[in-house]
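User: Could you take a close look at one part of this model for me? I'd like one helix walked through properly, plus whatever it sits against.

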Amino acid sequence: MTESERDPNVEWIAREARRPVESSAGVRARVMDAVRSTPLPVRPRRGMGWLTAPRPLALSPLGSTLLAAGLVGIGLLLGLAVTNRDGRLPTEQPTAVAATAQLPVHDTLQVHRFELEAPHASRVALVGDFNNWSLAATPMTRSADGTAWTVTVKLPAGRHVYAFVVDGAKGSKWVPDPAALRAPDDGFGTANSVVLIGQGSAT
Amino acid sequence: MKRLAGRRGLVALIALAAAAPSLFAQGPDPLAKLDTAGRALVRSLVDSARAEGLPSEPVLSKAQEGVAKHAPNPAIARAVRTVFLSLRQARNTLGPKASRDELTAAAAALQAGIPASALADLRASGHGKSITVPLVVLADLVTRGVPRDMASHTILQLWMGGAGDADLLGLPKAVEQDIVSGAAPGDALVNRARTIPIRLPPAKVPE
């Protein structure tokens with residue numbers, strides 16, 4: 001194809017494109033002034049500015065999954081920190097308090113002091129239906145003279161079955177409270193005790 | 001659109017993380033150490049107790065006690081079933097108005113071998129008072145070796161005579177002292193019961 005055989009319209013467009021752009025003498029100066037007056041890009045902020053500066057957050061599906069797992073894991077750790085081994089919140093556990101037995105706490109809870117003579121024990125725990133028979137929930141404290149173990153707990157009114165778990169040189173042993181009422185055979189070969197809270201005098 | 005979906009996802013994640021502690025607070029299954037059949041039995045008995053209006057906590061508590069005492073699964077199943085059946089019999093004996101404490105004390109008395117008729121006598125003579133204390137004392141005395149009939153009769157007499165809770169609750173310790181001193185359990189109870197002031201019904205005048 002020769003020059004003379006081209007489409008006239010194409011020829012016109014090509015001619016217009018080759019023609020130099022005509023601009024006034026001040027245009028170049030105005031453009032350069034505008035460039036100089038435009039602020040330079042801001043350098044990355046530091047400190048609080050960096051932390052608080054808004055920025056878009058884009059996560060891949062894998063990143064979202066990992067973030068979810070991390071958040072749930074933190075939640076579980078918090079749950080572990082505020083709960084005991086048997087899954088009850090600390091406020092639901094019989095709470096050790098320094099008080100005399102049978103002081104009314106409110107309408108349904110009363111404090112009751114448990115005591116066991118066990119001078120050779122290395123550790124004693126109170127277990128019963130009020131703490132789901134949890135060995136870790138209600139440890140007892142050795143008395144100053146070292147012969148007795150005591151704990152004072154808040155209990156709801158009613159009949160409660162309990163026992164002591166005594167750790168000694170021969171291992172752990174479940175023993176009833178010798179000063180309390182006895183419960184019938186527990187079905188497992190060890191004896192339990194009974195305490196009545198809020199009915200007559202506690203035993 | 002994408003941004004909205006992402007924001008909703010983030011809110012859901014934060015909600016899940018916030019809920020995690022309370023979900024965890026429900027704790028591990030207390031029956032996890034039971035075998036499948038044992039767990040199913042306990043859950044079924046707990047459900048049955050609820051359905052029948054019986055207290056279900058003693059049933060679950062007995063299973064937890066068995067787990068804590070490292071009892072074998074069959075022994076736990078047996079003990080849990082015994083508690084449930086005793087509660088049911090206690091309610092049938094004491095009536096639908098029996099309190100939770102009365103039911104658990106009566107169930108324990110039945111497990112100690114006290115006849116249901118003795119429980120019914122106590123209920124009938126209670127004039128609407130709670131019979132938890134006499135039931136608990138009765139079960140205690142039998143576990144100390146006092147013959148069941150003698151224990152049932154003596155406690156009923158004291159109860160009918162208006163003996164107070166404190167008097168009844170003091171009996172086991174006093175009886176135990178006499179037993180340790182060498183007295184037969186039945187004799188110890190009779191002797192100690194005589195020291196409790198009661199309003200005995202007027203004796204019949206022989207014709």
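**A close look at helix 9 of chain B**

Analyst: Keep in mind that this is a predicted model. Let's begin just past the end of the helix: helix 9 of chain B is followed by G182(B), which has a positive phi, near 115°.

Now the helix itself. Helix 9 of chain B covers residues 165-180, and at 1.5 Å a residue its 16 residues should span 22 Å; the end C-alpha atoms are 24 Å apart, so the two agree. There is a bend along the way, though: about 30° at L171(B), with a proline, P172(B), following within four residues.

L171(B) and P172(B) are also among the buried residues of this helix, along with L168(B), L169(B) and V175(B). What do they pack against? Within chain B, the buried residues meet helix 7 (132-143), helix 8 (148-160) and helix 10 (185-194), and they also pack against strand 7 (181-182) of chain A.

For the wider setting, look at the largest nonpolar core. It has 88 residues, and the members touching the most others are V124(A), V80(B), A106(B), A109(B) and L138(B). Helix 4 (residues 73-94) of chain B gives the most to this core, nine residues. Domain 1 (36-99) and domain 2 (112-200) of chain B each supply at least three residues to this core. As for V80(B), its contacts beyond four places in sequence are L41(B), V42(B), L45(B), V59(B), K62(B) and A63(B).

Methods:
Residues are numbered from 1 along each chain as its sequence is written. Chains are lettered from A and ligands numbered from 1 in the order in which they are written. This is a predicted model: local features need pLDDT of at least 70, side-chain atom pairs count only at pLDDT 80 or more; totals for chains, interfaces and linings use all residues. Helices (H or I, at least four residues) and strands (E, at least two) are DSSP runs, numbered from the N terminus. The expected span of a helix is 1.5 Å times one less than its number of residues. The bend at a residue is the angle between axes fitted to the seven residues ending there and the seven starting there. A residue is buried if 20 or more other C-beta atoms lie within 10 Å of its own, exposed if 12 or fewer, and partly exposed in between; C-beta atoms are placed from the backbone. Two residues are in contact if their C-beta atoms, placed from the backbone, lie within 7 Å. A nonpolar core is a set of buried Ala, Val, Leu, Ile, Met, Phe, Trp, Tyr and Cys residues joined through C-beta atoms within 7 Å. Domain bounds come from an automatic or database domain assignment.
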